[in-house]
Amino acid sequence: MSDYTRIEKAMTYMSEHVSSQPTLEDVAAHVHLSPFHFHRVFCKWAGTTPKRFLQALTLERSKRMLQDEGSIMDVSFSMGLSGGSRLYDHFVKLEAVTPGEYRSGGQGVTIQYGVNETPFGKIFVAITPRGVCRIEFLGSRAVDEILTDLCKDWPKAALVSNENATNYVANVLFSRLRDGQSNPLSLHVMGTNFQVAVWRALLRIPPGKLASYSQIANVLDCPGASRAVGNAVGANPVAMLIPCHRVIQKSGALGGYRWGSAKKEMLQAWELLCEKPIEV
């Protein structure tokens, strides 16, 4: 079992058993390591301690983060770089597929793809020369199924397996979250005008913050379109880089996530730790 796999199992275990507050020994036993070795491995690959990660899971994040939500979306749309804060869309640049590119079906485009490990499990990554076009967590779907969908979106593109190329995306993403770096990544995505508008709005939600479907609808000047926003969020082709995990229900409930509610909660907790350390 790789260290990444152990970290994923440990985070999932803590998320699923947060109500019983598992001890370091409990979690270490679940991944078949001694408490000392597990603590060292977790800190190395997750960038935080098991105790602090459990604290983040335990917080009433949704209620606290939504209390100031009246300003989160508005401010993030209007502010530039200020002080130590960085807006997420300064890190990720999104380009939509043009109508001409859509009609050509990706003719003349080479898409490189691969499966890479992360602290949250294996991810499928696909990239065009202009940017990342697909990221999915594995588990709910096999690689062959994802490739089938990719071929439907880009029927005339040439698909080439190249994990070395796609591993760069995973490394940049997770080093940025862990160390606060801002190496830029570009996205090259295919969607309707409304979907792309929603995805751009998601990029405006800073790490460690959350927004509701209705708040995004209001920002897009489409009040009452919460369901349509939810559908666009669910159609997001690029996990994590387009942060659909930062969208929750107005009530504060997690809401759906195509890769599972436990994964969504884990991502929110980890980003909260990366952005604003929790006092031990």
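The exercises below, each with a worked solution, concern a predicted model.

**Exercise 1. Overall content**

Task: State how many helices and strands the protein has, and what percentage of its residues is buried.

Solution: The protein contains 13 helices and eight strands. Its length is 280 residues, and buried residues account for 48% of them. As for contacts between residues at least 6 apart in sequence, 69% join residues at least 24 apart.

**Exercise 2. Helices α1 and α4**

Task: Classify the relative orientation of α1 and α4, give the handedness of their crossing, and describe the residues in contact.

Solution:
1. Two packed helices are described by the angle between their axes and the distance between the axes.
2. Helix α1 spans residues 3-16 and helix α4 spans residues 50-58; their axes come within 10 Å and cross at roughly 40°.
3. Angles under 35 degrees count as roughly parallel, and 65 to 115 as roughly perpendicular. The two helices are therefore oblique to each other.
4. The crossing of α1 past α4 is right-handed.
5. On the α1 side the contact involves M11, M14 and S15; on the α4 side it involves P50, F53, L54 and L57.
6. Of the residues in this contact, six are nonpolar, one is polar and none is charged.

**Exercise 3. Residue S15**

Task: Decide whether S15 is buried or exposed, and list its contacts beyond neighbours within four places in sequence.

Solution:
1. S15 belongs to helix α1.
2. Its relative accessible area is 9%. Buried means under 20%, so S15 is buried.
3. With neighbours within four places in sequence set aside, S15 touches L57, A262, E265 and M266. L57 is also one of the α4 residues in the contact with α1.

**Exercise 4. Helices α10 and α12**

Task: Classify the orientation of α10 relative to α12 and give the make-up of their contact.

Solution:
1. The axes of α10 and α12 lie 9 Å apart, at an angle of about 80°.
2. The range for roughly perpendicular is 65 to 115 degrees, and α10 and α12 are therefore roughly perpendicular to each other.
3. From α10, the contact uses F194, Q195, V198, W199 and L202; from α12, A228, V229, A232 and V233.
4. These residues divide into eight nonpolar, one polar and no charged.

**Exercise 5. The faces of α12 and α8**

Task: For α12 and α8, identify the buried residues, locate them around each helix axis, and name what covers them.

Solution for α12:
1. Helix α12 covers residues 226-234, and V229, A232 and V233 are buried in it.
2. Viewed down the axis, the buried residues of α12 lie within an arc of 100°, so they line one face of the helix.
3. R227 and N231, on the other side of α12, are exposed.
4. The cover over the buried residues of α12 includes α10 (193-203) and α11 (213-219).

Solution for α8:
1. Helix α8 runs over residues 143-153, with I146, L147 and L150 as its buried residues.
2. Their arc around the axis is only 100°, which puts them on the same side of α8.
3. D144 and K152 are exposed residues on the face turned away from the buried side of α8.
4. Strands β2, β3 (123-128), β4 (131-137) and β5 (158-161) are among the elements covering the buried residues of α8.

**Exercise 6. Residue Q107**

Task: Place Q107 in the chain and decide whether Q107 is buried or exposed.

Solution:
1. Q107 sits in the loop between α7 (99-104) and β2 (110-116).
2. The relative accessibility of Q107 is 56%, so Q107 counts as exposed.
3. Q107 and P155 are 48 residues apart along the chain, and their C-alpha atoms are 7.9 Å apart.

Terms used: Residues numbered from 1 in each chain as written. Predicted model: local features only at pLDDT ≥ 70, side-chain atom pairs only at ≥ 80, totals over all residues. Heavy atoms only, no water. Axes fitted to C-alpha atoms, helices over the stretch in contact; angles between N-to-C directions. Helix = DSSP H or I, 4+ residues; strand = E, 2+ residues; numbered from the N terminus. Parallel < 35°, antiparallel > 145°, perpendicular 65-115°, else oblique. Left-handed = near helix turned anticlockwise from the far one by under 90°. Contact = heavy atoms within 4.5 Å. Nonpolar A, V, L, I, M, F, W, Y, C, P; charged D, E, K, R; others polar. Buried < 20%, exposed > 50% of the residue type's maximum accessible area, 1.4 Å probe, protein only. Arc of directions from axis to C-beta.
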